[in-house]
Amino acid sequence: MPYIQCNNIEMYYEKMGIGSPIVFLHSGFSRGILAFASQILDFQRKYTCYFPDFRGHGRTRSSSLEWSTPQHADDIFAFMDQLQIQQTHFIGYGMGGGVALHCAVNQPERVASLTSIGQSGFVASMGSEEFEPERLLQNKNYDFIKSMEERHFDAHQGNWQEFLRQKIKDWRTYPNLTDDQLRSISCPALFIAGEYDEFAPEEDLKRVTNLIPDSRYVIVPGRSHKTHMNREDPAFVNDTILDFLEKNSG
């Protein structure tokens, strides 16, 4: 699968489909193709779908182990430049939703639309202490440690503890956008969250959609933070997003 040089990293990505571009932005513990496995078949029928692995994640390679949401946004623009993608739809999950918001604030002309799954645009750091390396070792959570080692080995060179420290720092800090920055977002925006998603509660979705002019939110009944994934409600989520894209494609 392809690698591309951008911003001093070798970014790994998957590409499939034909049509207008969509860049899928994965969550903090995941990587491109894993976070959106339940979206691939539905979306590739009408869109060219790109699934990059962020700096510090998956198979992307970098000499530095440091990363952050704003850095990811910069990397994604460099990725688009290399592939000559002038404008794209963004679909982001969790941290990826925060990256999409940063992209929409920083280079609005390059964002055709924004869909955020499980990310309200505000910092929601509850539960992050459970993933501190020392806590994981203390609780003998070796299965999760092993999964992080294997999933991100190319990116963090086997240093799973530093990966998690970067993750927790980012989780507790970002998206960190001001109300004025959110008001400046000019593209159509859709926010999706499960009814029981503690990281994107409805009160926060109401707040962010009141700030962003052309935006709305959808609550998926009975579902959690992973509402777009298998065993939750991917069919409903996919149909909701595809309808949103259809209405906002030039």
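**Note on the predicted model**

1. Glycine 96 is buried, its relative accessible area being 0%. This glycine belongs to helix α4. The model under discussion is a predicted one. Once neighbours within four places in sequence are set aside, glycine 96 is in contact with Leu25, His26, Ser27 and Phe54. Its C-alpha atom lies 7.8 Å from that of serine 116, although 20 residues separate the two in sequence.

2. Helix α4 also deserves attention for its part in the interior. The helix spans residues 95–106 and gives seven residues to the largest nonpolar core, the most of any contributor. That core has 53 residues, and Phe90 and Leu182 are those with the most contacts inside it. A second core, separate from this one, has 22 residues, among them Met16, Ile40, Leu190 and Ile241.

3. The surroundings of phenylalanine 90 may be inspected directly. If residues up to four places away in sequence are not counted, phenylalanine 90 touches Val23, Leu25, Ile76, Met80, Ala100, Cys103, Val111, Ser113, Leu114 and Thr115. Leu25 is also listed among the contacts of glycine 96.

4. Asparagine 106 is likewise found in helix α4. With a relative accessible area of 47%, asparagine 106 is partly exposed, whereas glycine 96 in that helix is buried. Asparagine 106 and glutamate 195 are 89 residues apart along the chain, and their C-alpha atoms are separated by 30 Å.

5. On the overall fold, the protein contains 11 helices and eight strands. Its radius of gyration is 17 Å, close to the 18 Å given by the globule rule for 250 residues, so the protein is as compact as a globular protein of that length. Along the principal axes, the C-alpha atoms fill a box of roughly 50 × 40 × 35 Å. Of the contacts between residues at least 6 apart in sequence, 76% join residues that are at least 24 apart.

6. On burial and surface, 55% of the 250 residues count as buried. The exposed area of the protein is about 11200 Å², of which carbon and sulfur atoms supply 43%. The protein has 24 positive and 33 negative charges, and the mean positions of the two sets are 3 Å apart.

7. Histidine 228 should be examined as a buried loop residue. Its place is the loop between β8 (215–220) and α11 (234–247). The relative accessible area of histidine 228 is 0%, and the residue is therefore buried, the cut-off being under 20%. Leaving aside neighbours within four places in sequence, histidine 228 is in contact with Ala35, Phe36, Ser38, Gln39, Tyr93, Ile117, Pro234 and Val237.

8. Several backbone features merit a check. Most residues other than glycine have a negative phi, and most peptide bonds are trans. The peptide bond from tyrosine 174 to proline 175, however, is cis, with omega near 20 degrees. Proline 175 is located in the loop between α8 (160–171) and α9 (179–183).

9. Two residues with positive phi should be considered alongside that bond. Asparagine 8, which is not a glycine, has a positive phi of about 65 degrees. Glutamine 157, also a residue other than glycine, has a positive phi near 55 degrees. Asparagine 8 lies in the loop between β1 (3–6) and β2 (9–16), and glutamine 157 lies in the loop between α7 (153–156) and α8. At 75% relative accessibility asparagine 8 counts as exposed, while glutamine 157, at 49%, counts as partly exposed.

10. Asparagine 7 shares its setting with asparagine 8: asparagine 7 is in the loop between β1 and β2. With a relative accessible area of 33%, asparagine 7 is partly exposed. Not counting residues up to four places away in sequence, asparagine 7 touches Arg55, Gln71, Asp74, Asp75 and Ala78. The C-alpha atoms of asparagine 7 and valine 218 are separated by 35 Å, with their positions 211 residues apart along the chain.

Technical notes: Residues are numbered from 1 along each chain as its sequence is written. This is a predicted model: local features need pLDDT of at least 70, side-chain atom pairs count only at pLDDT 80 or more; totals for chains, interfaces and linings use all residues. Side-chain values use heavy atoms; hydrogens and water are left out. Helices (H or I, at least four residues) and strands (E, at least two) are DSSP runs, numbered from the N terminus. The radius of gyration is taken over C-alpha atoms; the globule rule is 2.2 Å times the number of residues to the power 0.38. Buried means under 20% relative accessible area, exposed over 50%, partly exposed in between (1.4 Å probe, protein chains only). Contact means heavy atoms within 4.5 Å. Accessible areas come from the Shrake-Rupley method with a 1.4 Å probe; for residues, only the protein chains shown count as cover. Lys and Arg count as positive and Asp and Glu as negative; His and the chain ends are not counted. The place of a charge is taken as NZ of Lys, CZ of Arg, CG of Asp or CD of Glu. A nonpolar core is a set of buried Ala, Val, Leu, Ile, Met, Phe, Trp, Tyr and Cys residues joined through side-chain atoms within 4.5 Å.
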